[in-house]
Amino acid sequence: MKKRVIIALGGNAILQRDEKGTFEEQIKNMKHAMGQVAEIISQSMEYQVVLSHGGGPQVGNVLLQQDAENRLYGIPPQPMHICAAMAYSQIGYIMQQTLTNELRMKGVNIPVTTILTQTVVDINDPAFKKPSKPVGPFYDESTAKEMARKMGWSVIEDSGRGWRRIVASPEPRDIVEKEIIRKLVDMGFTIIAAGGGGIPVVWENGILRGVDAVIDKDLGAEKLAEIVKADVFMILTDVNGAALLYGSSEEVWLGEVSVKELKRHYQEGHFKTGSMGPKVLAAIKFLEHGGKRAIIASLDRAVKAIKGKSGTQVIPGDG
């Protein structure tokens with residue numbers, strides 16, 4: 001029986017630093033990323049892969065387009081959760097087409113499809129009372145505060161570059177399409193789901209409603225891993241694992257580490273909230289929910305990492 005592995009791709013799989021985000025750039029980057037995934041799938045056919053991905057910059061670009069169209073043509077801007085659906089559909093299309101091509105070149109004919117995913121959050125999540133994630137275009141202070149007054153936004157000054165809207169980042173609780181995803185995975189399909197953590201929705205009196213929020217992509221992928229009962233959860237990013245005292249002269253990279261030890265390092269504050277922190281937390285949650293192994297590694301070393309020869313390898317128990 002194949003081992004089931006969730007692969008969560010970071011933003012570098014879609015867009016590299018200093019790139020503009022053209023279609024050609026995204027195709028080139030995705031071809032490289034899906035080449036790694038196709039290699040994992042085709043090597044002895046040991047793994048069944050389920051994919052997830054980020055999408056923050058793409059959602060930001062859609063929000064910018066919405067803002068520009070409203071200013072130039074008066075076209076009404078859409079809510080952020082609709083913009084997320086646009087961006088995640090775009091990424092899913094590029095990803096499934098590229099992976100299909102890469103698999104076919106290796107003589108593997110496995111159907112690949114994207115499930116546009118609604119991720120359930122709790123409307124009473126404390127994050128809604130304390131928005132923290134900057135999204136969308138930059139404004140001058142007066143415009144930002146006027147937008148906040150008219151639209152009910154929360155805004156902050158962001159790193160000296162201007163003022164931006166901020167939204168909540170609630171914890172993912174469930175996935176609406178979980179039964180569909182389970183059935184397709186059980187049938188042997190390669191599924192792309194929970195893109196960008198999923199589109200945030202809430203249940204109100206038995207009715208689904210989209211909300212403007214940002215779900216952490218790694219925590220969203222971990223929820224997906226729980227749902228499909230994955231054996232392995234691999235997070236691919238632009239560094240080859242987690243490190244203690246990262247960036248200092250005393251930096252220590254973690255190789256094989258027990259979930260208990262990693263949790264202690266996490267609680268000691270070794271991993272930054274905006275970068276490695278959510279990845280480490282997602283790995284811990286996966287092991288605590290019965291997963292067998294979590295991996296944090298660089299995209300370029302994915303094939304070695306799945307074999308346990310690279311990256312941070314998180315294992316059950318005390319170590």
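Ile75 is partly exposed, with a relative accessibility of 40%. In this predicted model, Ile75 sits in the loop that runs between helix H2, residues 56–73, and helix H3, residues 80–105. Together with Leu72 and Tyr73, Ile75 makes a nonpolar patch of about 370 Å² on the surface. Colleagues who have the structure open may wish to begin there.

A second surface patch is one of charge. Arg301, Lys304, Lys307 and Lys309 gather on the surface in a patch of positive charge. Of these residues, let me take Lys304. Lys304 belongs to helix H9, which covers residues 302–306. With a relative accessible area of 54%, Lys304 is exposed, because the cut-off for that term is over 50%.

I turn now to the salt bridges. How many salt bridges does the count come to? The count comes to 21, and I shall discuss some of them.

The pair Glu146 and Arg149 forms a salt bridge whose closest N and O atoms are 2.6 Å apart. Both residues lie in helix H4, residues 141–151, and they are 3 residues apart, about one turn of the helix. How accessible are the two partners? Glu146 is partly exposed, at a relative accessible area of 33%, while Arg149 counts as exposed, at 59%.

The next pair joins two helices. Asp218 forms a salt bridge with Lys279, and here the closest N and O atoms are 3.4 Å apart. Asp218 lies in helix H6 and Lys279 in helix H8, residues 276–288, so this pair ties together parts that are 61 residues apart in sequence. Are Asp218 and Lys279 buried or exposed? Both Asp218 and Lys279 are buried.

Helix H8 also takes part in another pair. Glu288 forms a salt bridge with Lys263, with 2.9 Å between the closest N and O atoms. Because Glu288 lies in helix H8 and Lys263 in helix H7, residues 259–267, the pair ties together parts that are 25 residues apart in sequence. Glu288 is partly exposed, with a relative accessible area of 47%. Lys263 is likewise partly exposed, with a value of 31%.

There is also a network to mention. Asp158, Arg161 and Arg164 are linked by salt bridges into a network. One of these residues, Arg164, is in contact with Val155 as well, and this brings me to the strand that holds Val155.

Val155 is part of strand E6, residues 154–157. Which residues does Val155 touch, leaving aside its neighbours within four places in sequence? The contacts are Ala144, Ala148, Trp163, Arg164, Arg165 and Ile166. In addition, the C-alpha atom of Val155 is separated by 9.7 Å from that of Val135, and these two residues are 20 residues apart along the chain.

From Val155 I pass to Trp203, which is found in strand E10. Trp203 is partly exposed, its relative accessible area being 47%. When neighbours within four places in sequence are left aside, Trp203 is in contact with Val120 and Leu208. Where does Trp203 stand with respect to Val121? The two residues are 82 residues apart in sequence, and their C-alpha atoms are 8.3 Å apart in space.

Strand E10 leads to a point of backbone geometry. Asn205 occupies the loop between strand E10, residues 199–204, and strand E11, residues 207–210. Although Asn205 is not a glycine, its phi is positive, at about 55°. Asn205 counts as exposed, with 83% relative accessibility.

What is the phi of Lys229 near? Lys229 has a phi near 55°, again a positive value in a residue other than glycine. Lys229 lies in the loop between helix H6, residues 217–228, and strand E12, residues 232–237. At 66% relative accessibility, Lys229 counts as exposed. Helix H6, on one side of that loop, is also the helix that holds Asp218.

Let me close by returning to a few of these places in the predicted model. On the surface there are the nonpolar patch of Leu72, Tyr73 and Ile75 and the positive patch that includes Lys304. Between helices there are the salt bridge of Asp218 with Lys279 and that of Glu288 with Lys263. In the loops there are Asn205 and Lys229, each with a positive phi. I thank you for your attention and shall be glad to take questions.

Note on methods
Residues numbered from 1 in each chain as written. Predicted model: local features only at pLDDT ≥ 70, side-chain atom pairs only at ≥ 80, totals over all residues. Heavy atoms only, no water. Patch = residues over 30% accessible without salt bridge, like charges linked within 9 Å, V, L, I, M, F, W, Y side chains within 5 Å. Areas by Shrake-Rupley, 256 points an atom, 1.4 Å probe, with all protein chains shown as cover. Salt bridge = Lys/Arg side-chain N within 4 Å of Asp/Glu carboxyl O. Lys, Arg positive; Asp, Glu negative; His and termini not counted. Charge placed at Lys NZ, Arg CZ, Asp CG, Glu CD. Helix = DSSP H or I, 4+ residues; strand = E, 2+ residues; numbered from the N terminus. Buried < 20%, exposed > 50% of the residue type's maximum accessible area, 1.4 Å probe, protein only. Contact = heavy atoms within 4.5 Å.
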